[in-house]
Amino acid sequence: MSGFKEPGFADRQKAAQQARQNILDKFRAQPGADDPEVIKRRAEREAIAAARAKAKEAQEAAKAEQKRREKEEAAAAAAQLAREKEEFEARQAALEAEQKAKRDARYAARKNKGKKK
């Protein structure tokens with residue numbers, strides 16, 4: 001059994017040349033840009049890209065519609081809150097006026113009661 005033989009300069013140069021030739025052969029074996037299979041794959045990729053773009057536009061439109069609806073709902077909620085606050089303040093004012101009228105009536109009754117004596 002022989003030991004490992006260290007490759008020399010010529011061996012390394014031959015291996016490098018063989019590697020370059022293999023790469024060149026592989027490149028030459030690839031189909032050109034006018035090959036029907038390449039054209040078919042390119043058309044498929046373009047169709048997929050167009051479908052993605054269309055789906056993205058639809059998604060963005062749906063997102064814009066959702067934002068618009070949310071804004072409308074927020075505006076409606078704010079208007080409802082303002083109406084409720086206004087109604088509450090009106091009820092409070094009416095209640096205070098009623099309480100004041102009762103208090104005034106009691107005060108007047110006390111004054112009249114004292115004058116009768």
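What follows is a walk through the overall form, the charges and the salt bridges of this predicted model.

The fold is quickly told, with two helices and zero strands in the protein. One of the two, helix α2, covers residues 36–116, and much of the detail below concerns residues in that helix. The overall dimensions are a good place to start. Taken along the principal axes, the box filled by the C-alpha atoms comes to roughly 140 × 45 × 20 Å. The radius of gyration is 46 Å, whereas a compact globule of 117 residues would come out near 13 Å.

Distances along the chain fit into this picture. Gln 92 sits in helix α2, and its C-alpha atom lies 73 Å from that of Ala 43, with the two positions 49 residues apart in sequence. As for its surroundings, Gln 92 is partly exposed, at a relative accessible area of 31%. Ala 76 also has its place in helix α2. Going from Ala 76 to Gly 114 takes 38 residues along the chain and 57 Å in space, C-alpha to C-alpha. With 45% relative accessibility, Ala 76 is another partly exposed position.

How much of the protein is buried? Buried residues account for 1% of the 117 residues. Since the cut-off for buried is under 20% relative accessible area, neither Gln 92 at 31% nor Ala 76 at 45% falls in that group. In terms of surface, the protein exposes about 11,200 Å², and 57% of that area is supplied by carbon and sulfur atoms.

Charge is the next topic. The protein carries 31 positive and 21 negative side chains, and 11 Å separates the centres of the two sets. On the surface, a patch of negative charge brings together Glu 84, Glu 86, Glu 87 and Glu 89. Of this patch, Glu 86 has its place in helix α2. Glu 86 counts as exposed because its relative accessibility is 58%, and the cut-off for exposed is over 50%.

Side chains of opposite charge can pair when their charged atoms come close. How many salt bridges turn up in a search of the whole structure? The search finds five, and three of the pairs are described here, beginning with Asp 104 and Lys 100.

The side chains of Asp 104 and Lys 100 meet with an N to O distance of 3.1 Å. Why can these two reach each other? Asp 104 and Lys 100 are four residues apart in helix α2, so about one helical turn separates them. Both partners are partly exposed, Asp 104 at 38% relative accessibility and Lys 100 at 43%. Elsewhere, salt bridges with shared partners link Glu 65, Arg 68, Arg 69 and Glu 72 into one network.

Within that network, Arg 69 pairs with Glu 65, and the closest N and O atoms of this salt bridge are 3.7 Å apart. The spacing is again four residues in helix α2, so Arg 69 and Glu 65 stand about one helical turn from each other. Are these two partners buried, exposed or partly exposed? Arg 69 is partly exposed at a relative accessible area of 37%, and Glu 65 is likewise partly exposed at 30%.

The pair of Glu 98 and Lys 102 completes the set described here, with 3.5 Å between the closest N and O atoms of the salt bridge. Helix α2 holds both Glu 98 and Lys 102, four residues apart, or about one turn of the helix. Glu 98 has a relative accessible area of 42% and is partly exposed, as is Lys 102 with 48%.

How values were computed. Residues numbered from 1 in each chain as written. Predicted model: local features only at pLDDT ≥ 70, side-chain atom pairs only at ≥ 80, totals over all residues. Heavy atoms only, no water. Salt bridge = Lys/Arg side-chain N within 4 Å of Asp/Glu carboxyl O. Buried < 20%, exposed > 50% of the residue type's maximum accessible area, 1.4 Å probe, protein only. Patch = residues over 30% accessible without salt bridge, like charges linked within 9 Å, V, L, I, M, F, W, Y side chains within 5 Å. Areas by Shrake-Rupley, 256 points an atom, 1.4 Å probe, with all protein chains shown as cover. Lys, Arg positive; Asp, Glu negative; His and termini not counted. Charge placed at Lys NZ, Arg CZ, Asp CG, Glu CD. Rg over C-alpha atoms; globule rule 2.2 N^0.38 Å.
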